[in-house]
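Got your viewer open? Here is a short tour of a protein, stop by stop.

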Amino acid sequence: MLRIAVQSKGRLYEDTMDLLTEAGIKLSSAKRTLLIPARNFPVEILFLRDDDIPDSVSSGVADIGIVGKNEFMEKEKQARIVKNLGFSKCRLSLAIPKDEEYQGLEWFSGRKIATSYPVILNKFLKDNHINADIHVITGSVEIAPGIGLADAIFDIVSSGSTLVSNRLKEVEVVVESEAILIANNNLTDEKLEILEELIFRINAVQAAEDKKYILMNVPNNSLDKILEVLPGIKSPTIMPLAKEGWSSVHTVLEEKRFWEIINKLKTAGAEGILVLNIEKMVL
């Protein structure tokens with residue numbers, strides 16, 4: 001059994017559970033408790049605070065975890081990054097009052113910076129030879145300049161709307177973050193095998209995102225024109241039909257170019273086009 005540490009609430013929780021569901025992992029209970037086993041795959045889900053996940057994986061309380069890269073970097077725990085997951089993206093940035101003139105990092109010399117990520121910020125300042133006072137707070141970091149608690153902040157930025165509402169502006173991006181899959185450094189061979197299967201499923205789900213599977217009937221004398229139109233992931237599959245002089249062509253298209261390509265296929269002679277949404281793709 002492989003134990004996966006997952007954030008107990010918030011956007012990362014929602015994105016993680018969507019991914020596990022699409023990977024075919026069914027939880028045994030609809031009611032969320034601290035630890036839930038899956039019904040159809042040898043994993044169990046352990047729900048934790050996001051900042052507890054790196055330590056739980058490092059110590060072996062959990063075998064693997066899904067956590068923001070920013071939290072993993074801040075905690076500096078001994079675990080390995082297995083995979084970047086590509087969702088729950090954000091960034092850790094320095095922001096200052098909107099009306100301040102900013103010409104470079106030297107602005108922060110001698111200033112007080114409020115943050116919940118002192119480890120990452122301290123390293124960044126040292127690397128850039130900036131001497132600033134780091135003021136550690138939790139909660140609403142963005143209000144610190146407005147109430148005179150700090151001159152600037154170092155915090156998570158997604159859309160930037162929170163900064164705008166607090167009359168702040170983003171001036172330096174320090175870390176680009178996203179959800180990552182981390183693993184304990186001492187997994188048994190049995191657990192590594194389960195992890196490998198889980199990664200295979202995740203890769204399959206991600207490969208299928210924003211793609212459609214299409215089937216069409218094509219007269220053989222139009223095959224060359226059809227193949228010129230198709231950009232597919234790999235070469236399309238072509239199979240002869242019972243009707244003489246016709247073939248069935250199967251391929252995968254990216255959703256963003258779907259209608260453009262479909263119209264070209266019709267013009268090139270394709271008939272009976274069938275479109276399927278891809279939920280899972282075996283690579």
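We'll visit some aromatic rings, two charges that sit over rings, and a patch on the surface. Keep in mind that this is a predicted model.

**Stop one: Trp107 and Phe108.** A search of the whole structure turns up 4 aromatic pairs. Select Trp107 and Phe108 to see one: the ring centres are 5.1 Å apart and the planes meet at 80 degrees, so this pair is edge-to-face. Are these two buried or exposed? Trp107 has a relative accessible area of 10%, under the 20% cut-off, so it is buried. Phe108 is buried too, at 0%.

Now add Tyr102 to your selection, and you have one aromatic cluster made of Tyr102, Trp107 and Phe108. Bring in Arg111 as well: its charged end sits over the ring of Trp107, 3.9 Å from the ring's centre.

**Stop two: Phe258 and Trp259.** Which burial label does each partner get here? Phe258 is buried, at 4% relative accessible area, whereas Trp259 is exposed, at 61%. Show Lys212 next, and look for its charged end over the ring of Phe258, 5.9 Å from the centre.

**Stop three: the surface.** Select Ile143, Ile147 and Leu149, which make up a nonpolar patch on the surface. Together they offer about 260 Å² of accessible area. Where does Ile147 sit? Look in the loop between strand E8 (133-136) and strand E9 (152-157). Ile147 has 60% relative accessibility, and anything over 50% counts as exposed, so Ile147 gets that label.

Key: Residues numbered from 1 in each chain as written. Predicted model: local features only at pLDDT ≥ 70, side-chain atom pairs only at ≥ 80, totals over all residues. Heavy atoms only, no water. Patch = residues over 30% accessible without salt bridge, like charges linked within 9 Å, V, L, I, M, F, W, Y side chains within 5 Å. Areas by Shrake-Rupley, 256 points an atom, 1.4 Å probe, with all protein chains shown as cover. Salt bridge = Lys/Arg side-chain N within 4 Å of Asp/Glu carboxyl O. Helix = DSSP H or I, 4+ residues; strand = E, 2+ residues; numbered from the N terminus. Buried < 20%, exposed > 50% of the residue type's maximum accessible area, 1.4 Å probe, protein only. Phe/Tyr/Trp six-rings, centres within 6.5 Å; stacked < 30°, edge-to-face > 60°. Lys NZ or Arg CZ within 6 Å of the ring centre and 35° of its normal.
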